[in-house]
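Biologist: I should like to learn how to read several features of a structural model. May we go through them one at a time?

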Amino acid sequence: MLGIYMLITQTGCQTTGSHPNAMPLHWTKLPPVPDREGFAGGFAGVSNDALIFAGGANIKGDKWGSSFDKVWYDSVFVLEQPDGPWQTGFKLPHPLGYGVSVTTENGIVCIGGSDANRHYPDVFRLVWHQGKLECIPMPALPKPCANFCGTIIDHTIYVAGGTETPTATEALKTFWKLDLSAKKPHWEELEPWPGPARMLAVAGASGGSFYLFSGAHLKAGPTGKPVREYLQDAYRFTPGKGWQRLTDLPHPVVAAPSPAIGTDHLLVLSGDDGTKVDFQPLTEHPGFSREVLAFDIKNGTWSIPGEVPFSRATAPAVQWRGHIVVLNGELRPRERTPEVWWTNISRTDKDVK
């Protein structure tokens, strides 16, 4: 659980938060995923205490030309111990990325996603057991979806937004749930949030409520290609009570590692704030924002307590062994990384006086 905190920007160098009783978060690196380029939009989670990273996409060859070759993957990597090697040789049913992945007590539920040609409604569960990876089909989404966000509350998965096709000029305003405890689980469509449709938002969960932060609204530009509007609004959904508008974020955090993790505070790490959308040349792009935004659940306020030692977008965030883990993702447009970072969240809220 995450209470009031301080952020460590790198080993031995700390940035003090604005809260009077700060909790140290020490960022260190785990072994990198064994791929030279790394992947954006991968699936990640925990099954039987093993950390799993799967799928995603990267750019092969020249990244910086007017055209480039983006490739999707079916690779699955498994890390059983923080100081151990990544195990390789496992595969998804097909190349896939940019979906939602949720850790459950029965494995990692991988939802939707895309490849180079289409978006998928497919849902499956990855289970790691005694050195073997099993892929179990689950009920499909009502429609294909990628670039969306989601998390789990108790035994129910919630997902929000996204896009239906690779060329979509409108984002989805869909909010679906899947109750895993039901005798026959199936996806149900719920009333969506009151704000604009969006893609690449950040989800969060605390106190039985679902949180939706930022994202990008889409519209067709003058050439017919999609144009992003960067959003900084925030919402909370509580079953039985519906949606509530929250205080806006200090700035957009499009494609930030999702879900935001915490209990008293939800942390949003890095992400694209939209200030460098037109930055040229891309080869000198400084990377995405490194700021951390913290949402205070009780007071409904945002703060910026520090920075993370990495620039990151389209990366999954996972809780593993009392830590937040951020796996791979984009350093800046067109450039991925195999890095895996983690930070301790072992200190509980009751320890903060």
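Modeller: Let us begin with burial. Cys-110 has a relative accessible area of 1%, so this residue is buried (under 20% relative accessible area; exposed is over 50%, partly exposed in between, with a 1.4 Å probe and protein chains only). This is a predicted model, in which local features need pLDDT of at least 70 and side-chain atom pairs count only at pLDDT 80 or more, while totals for chains, interfaces and linings use all residues. Residues are numbered from 1 along each chain as its sequence is written, and side-chain values use heavy atoms, leaving out hydrogens and water.

Biologist: How many disulfides are there?

Modeller: A disulfide is a pair of cysteine sulfur atoms within 2.5 Å. By this rule the count is zero. For Cys-110, the nearest cysteine sulfur belongs to Cys-135, 7.5 Å away. Cys-135 is partly exposed, at 32% relative accessibility.

Biologist: Where is Gly-112 found?

Modeller: Strands are DSSP runs (E, at least two residues), numbered from the N terminus. Gly-112 lies in the loop between strand E12 (107–111) and strand E13 (123–129), and is buried at 1% relative accessibility. Contact means heavy atoms within 4.5 Å; beyond four places in sequence, Gly-112 touches residues including Phe-43, Tyr-120 and Cys-145.

Biologist: How many aromatic pairs does the structure hold?

Modeller: Rings of Phe, Tyr and Trp (its six-membered ring) pair if their centres lie within 6.5 Å; planes under 30 degrees apart are stacked, over 60 edge-to-face and the rest tilted. The structure holds 22 such pairs. The Trp-320 and Trp-342 rings have centres 5.9 Å apart and planes at 40°, so this pair is tilted.

Notes: Helices (H or I, at least four residues) and strands (E, at least two) are DSSP runs, numbered from the N terminus.
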